[in-house]
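Got a protein on your screen and not sure where to start looking? Let's walk through this one piece by piece.

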Amino acid sequence: MRGATDAVPLYGSGFSGDPAGLYRAMRAQHGTVAPILLDGDIPGWFVLGYRELHQVTSNPELFARDSRRWHAWDHIPEGWPLMPFVGYQPSVMFAEGAEHRRRSGAISDALTAIDQFELRQICERLADGLIDTFAGSGETDLMIHYAARLPLLVIAELFGFPGTEVSELAADIAASLNEDSGAIAAHQRVAARMARLVKAKRGRPGADVPSRLLAHRAGLTDEEAVIDLLVVMSAAQQPTANWIGNTLRLMLTDDRFAVSLSGGRRSVGQALNEVLWHDTPTQNFIGRWAVRDTQLGGRRIRTGDLLVLGLAAANTDPQVRPDFNEAGTDGNQAHMSFSHGEHACPYPAPEIAEVIAKAAVEVLLDRLPDVVLAVPAEDLGWHSSLWMRGLVGLPVEFTPAYTPIPAMGAPGTAFG
């Protein structure tokens with residue numbers, strides 16, 4: 001499909017302005033599967049249709065995860081910005097069949113052992129610690145100083161990371177998800193920290209996720225544990241941060257979530273679910289590769305073709321939800337925001353992310369009940385990313401609140 005004249009370029013500035021509008025235009029022109037060009041005019045297919053996305057993610061024998069199947073490798077330039085997403089690594093992300101079941105099963109069991117009541121307590125304590133750092137000022141940027149920090153702090157505690165490493169770890173994880181030349185170096189720094197952590201846990205295990213993963217009957221090697229823990233951490237940090245930020249934005253800009261004269265507002269849980277439908281943190285996912293020639297959405301897919309999963313586009317597919325813009329999303333969790341099939345977010349990762357996000361929003365609103373945006377809603381900017389949907393900033397104002405001096409050994413190093 002190289003050189004397709006009607007392919008839609010999915011790179012460059014401007015994508016973040018109105019991705020939903022772009023998806024509508026693509027659907028109108030191309031239907032449920034559209035030809036696209038990624039950075040460097042590398043061709044692929046964009047799956048917009050809900051049913052088509054379900055078909056791709058439900059058939060790993062036909063649409064597989066091992067990127068070495070891609071027929072375009074000879075055309076990929078050195079330093080290609082999307083290499084961190086597609087460059088094959090022996091991780092659970094690219095594993096298939098029995099090997100994927102072995103690796104993902106170990107991850108699921110290690111995460112299932114997390115007590116969600118204790119997790120909620122951890123989230124509340126860390127959220128309070130973050131709020132303490134700005135509550136007395138009367139203003140802050142909730143994206144920079146709260147939403148982007150809290151998930152990493154929680155994950156670092158669940159993983160048993162030293163508090164002194166958290167700040168640099170957070171910066172490197174964020175940089176590794178950017179679509180620029182620094183992403184690869186940032187990923188390498190995160191990997192080095194994870195390798196040191198795994199080595200330490202192998203010698204002295206604790207009540208943490210890496211220790212449980214290393215002790216699992218699947219028998220992961222240190223190298224396998226390092227790379228799979230990196231997958232878990234990266235998948236949890238930025239999407240959860242964006243979920244928090246996008247939900248706070250919704251609750252601060254939509255009258256349905258404002259305190260009314262009748263004494264109530266729609267719940268935080270409803271806001272979290274609505275964000276997954278309308279502003280899902282992970283917009284698109286790269287990808288799947290066709291195992292053999294096939295058809296999808298009326299398109300002829302060739303062996304080795306790349307397919308990008310349009311998660312956000314599928315959520316708004318009018319063939320599945322013709323009344324999407326008018327109807328509410330209460331109780332409807334059939335969205336594709338965590339993908340689908342055996343390579344979806346492993347259980348119970350979505351539930352853990354929801355505990356973190358819900359605690360973040362509820363604690364903030366409890367501590368700062370009169371918080372309001374410090375700028376017009378239309379001035380809020382989005383990161384220019386094909387993959388993630390997240391705010392650049394979320395400046396707010398509120399009545400300054402007294403904050404106690406943190407006790408010794410509390411968030412000092414983690415929140416610095």
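Here is a tour that goes from the whole chain to a sheet, a helix pair and a single residue.

**The whole chain**

First off, this is a predicted model. The protein chain has 416 residues, and 51% of them count as buried. Along the chain you'll find 14 helices and eleven strands. If you take the contacts with a separation of 6 or more, 72% of them are between residues 24 or more positions apart. As for the outside, the accessible surface comes to about 18200 Å², and carbon and sulfur atoms account for 53% of that.

**The sheet and its helices**

Now find the open sheet, where six strands line up in the order β1-β2-β3-β9-β6-β4 with mixed pairing. Strands β1 (8–9) and β4 (63–64) are at the edges with a single partner strand each, so one side of each has no neighbour in the sheet. Strands β6 (residues 285–290) and β9 (residues 306–309) run antiparallel and are joined by four bridges. Want one pair to click on? W289 has L306 in β9 as its bridge partner.

Two helices pack on this sheet, and the table sets them out.

| Helix | Residues | Strands touched | Direction |
|---|---|---|---|
| α1 | residues 19–30 | β1, β2 (33–38) and β3 (42–47) | about 120 degrees with β2 |
| α2 | residues 50–58 | β2, β3, β4, β6 and β9 | about 120 degrees with β9 |

**Two helices that cross**

Two packed helices are described by the angle between their axes and the distance between the axes. Let's try that on helix α9 (residues 183–203) and helix α11 (residues 222–253): the angle is about 125 degrees, and the axes are 9 Å apart. How do α9 and α11 lie relative to each other? They are oblique, because an angle of about 125 degrees is in neither the 65 to 115 range for roughly perpendicular nor over 145, where roughly antiparallel begins. Their crossing is right-handed.

What fills the meeting point? From α9 come H187, V190, A191, M194, A195, V198 and R202, and they meet D222, A225, V226, L229, L230 and M233 in α11.

**One residue up close**

Last stop: E157, which lies in helix α7 (residues 150–159). Is E157 buried or partly exposed? Its relative accessibility is 34%, so it counts as partly exposed; buried would need under 20%. Setting aside neighbours within four places in sequence, E157 is in contact with I122, R125 and L126. You can also look across to L119: E157 and L119 are 38 residues apart in sequence, and their C-alpha atoms are 10.0 Å apart in space.

How values were computed. Residues are numbered from 1 along each chain as its sequence is written. This is a predicted model: local features need pLDDT of at least 70, side-chain atom pairs count only at pLDDT 80 or more; totals for chains, interfaces and linings use all residues. Side-chain values use heavy atoms; hydrogens and water are left out. Helices (H or I, at least four residues) and strands (E, at least two) are DSSP runs, numbered from the N terminus. Buried means under 20% relative accessible area, exposed over 50%, partly exposed in between (1.4 Å probe, protein chains only). Contact means heavy atoms within 4.5 Å. Accessible areas come from the Shrake-Rupley method with a 1.4 Å probe; for residues, only the protein chains shown count as cover. Two strands pair if DSSP finds at least two bridges between them. Axes are lines fitted to C-alpha atoms, for helices over the stretch in contact, and angles run from 0 to 180 degrees between N-to-C directions. Angles under 35 degrees count as roughly parallel, over 145 as roughly antiparallel, 65 to 115 as roughly perpendicular and the rest as oblique. A crossing is left-handed if the near helix is turned anticlockwise from the far one by less than a right angle, and right-handed if clockwise.
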